[in-house]
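This report looks at one ligand site and at a helix that contributes to it. The sequence and structure come first.

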Amino acid sequence: MKKKSVANVDVTGKRVLVRVDFNVPLDQNGNVADDTRIKAALPTIRYLTGRGAKVILVSHLGRPKGKRDDRYRLDPVAHRLQELLGRPVKKVDDCVGEEPKAAIAGMERGGVLLLENVRFYPEEEKNDEKFARRLAELADLYVNDAFGAAHRAHASTAGVAQFLPAVAGFLMEKEINLLGKALTDPERPFLAILGGAKVSDKIGVCENLLEKVDALIIGGGMANTFLQARGCALGKSLVEADKVELAGRLMAKAGEKGVELLLPVDLVVALAPDPDARPKVVPAADVPAEWMALDIGPESVKIFRETVAKARTVVWNGPLGVFEMAPFAAGTFEIARALAQSGAVTIVGGGDTAAAVEKAGVADKMTHISTGGGASLEFLEGKVLPGVAALQDA
Ligand code: ADP
Ligand code: MG
């Protein structure tokens, strides 16, 4: 499980190909709108430049579908990276072939080069062996720091590792060690909190975590389907009718495993998901016919807070209400604050959950906020991520 770290190989003077996840949102002018992912890769880049490596960065951006597309060029990313690093970043317009080769040949120790969007090549997503070999030719060592892309078996995330010594960057290491420890050897009690809109997005996570946790809290839209399975009236709430039976089975499994499963006991309901809605609180069993559940209620918050306070490890994926709208944000924010105060190892996964924790103002109080949405979900499902599997064992 443990993977070899970039800290444990000799990098001085080496050409190091680093797969990063610079798949950042751009604004209307094509500038980087959120540089979180670029910042997350800085420790590895700085480490390498500091030790006199020649750093060759490769990333994807958006979905150009295997064709050159000016909207997805990495020039704005190079620009932002240069500002953050405080040293020049050279950008080339290709990933393989003569232009990168010439640029790399002219690199000084400690230099940084960014290749063009690797998804301009159809071979990337096909994990084409020839293409992986051409990427490998550019370097002496491969470092994967793109946890967010590790659930994809692509040429730059997996294939290339066949042809070069392959190790984990610091971000990758942090992600797999923290998530890995939670799943294999957590400090107990181990609590998972699952929410978000739909059960169907999180079935695999729910099933896998039921094998590991001591307690499981289910909130958000997901809870409605579980409440329905318990015979509650849900009004117009989002319920996945075809998942009610599954929810019942998962609750039975929790019972067999001795996992404490907590559902909301009260709900914040409104006539519509509207920022100007006039919500009210009702018992979870009786949502009135025309109303819909959009957040957990205050009594649920109290009970969930007590469960969080007892936990030593908490993994949280999925907001507990429609936190994007003020009337339905309290449940999610209160639980975010409870995690921040818990003293437990707290791991947050999922793009919307990370945004909620940020909005609650407690992001810096979490042990770890995973940078990989899809990748962290697959990890929590217990799947082997191809980008992780391709790295050398420690
Ligand atoms: P993540 O990105 O963290 O994995 P999801 O994408 O699964 O989370 O779910 C986030 C979405 O779930 C949010 O947009 C939120 O508004 C929505 N949501 C939460 N609770 C409810 C609810 N009761 N009804 C409808 N949508 C909900
Ligand atoms: Mg989401």
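## Ligand 1 and helix α12

Three elements, α8 (220–229), β12 (292–296) and α12, each supply at least two residues of the shell around ligand 1. The model is predicted. The largest share of that shell, three residues, comes from α12.

The surroundings of ligand 1 comprise 17 residues, of which A197, K202, E324, D352 and T353 come nearest. By class, the shell has five nonpolar, nine polar and three charged residues.

Backbone N or O atoms of A197, G221 and A293 lie at these distances from atoms of ligand 1:

| Residue (backbone N or O atom) | Atom of ligand 1 | Distance |
|---|---|---|
| A197 | oxygen | 3.0 Å |
| G221 | nitrogen | 3.2 Å |
| A293 | nitrogen | 3.2 Å |

Taken alone, ligand 1 exposes 580 Å². The protein buries 82% of that area.

Now to α12 itself. The helix spans residues 351–359, and T353, A354, A356 and V357 are buried in it. Seen down the axis of α12, the buried residues fall within an arc of 160 degrees, so they line one face of the helix. G351, E358 and K359 are exposed on the other side of α12.

What covers the buried residues? The cover includes β13 (313–317), α11 (330–342), β14 (345–349) and β15 (368–369). T353 thus has two entries here: T353 is among the residues that come nearest to ligand 1, and T353 is buried in α12.

Just after α12, G361 takes a positive phi of about 80 degrees.

Definitions and conventions: Residues numbered from 1 in each chain as written. Chains lettered and ligands numbered in written order. Predicted model: local features only at pLDDT ≥ 70, side-chain atom pairs only at ≥ 80, totals over all residues. Heavy atoms only, no water. Buried < 20%, exposed > 50% of the residue type's maximum accessible area, 1.4 Å probe, protein only. Helix = DSSP H or I, 4+ residues; strand = E, 2+ residues; numbered from the N terminus. Arc of directions from axis to C-beta. Contact = heavy atoms within 4.5 Å. Near = heavy atom within 4 Å. Polar contact = N/O pair within 3.5 Å; in protein donor to acceptor, adjacent residues only side chain to side chain. Areas by Shrake-Rupley, 256 points an atom, 1.4 Å probe, with all protein chains shown as cover. Nonpolar A, V, L, I, M, F, W, Y, C, P; charged D, E, K, R; others polar.
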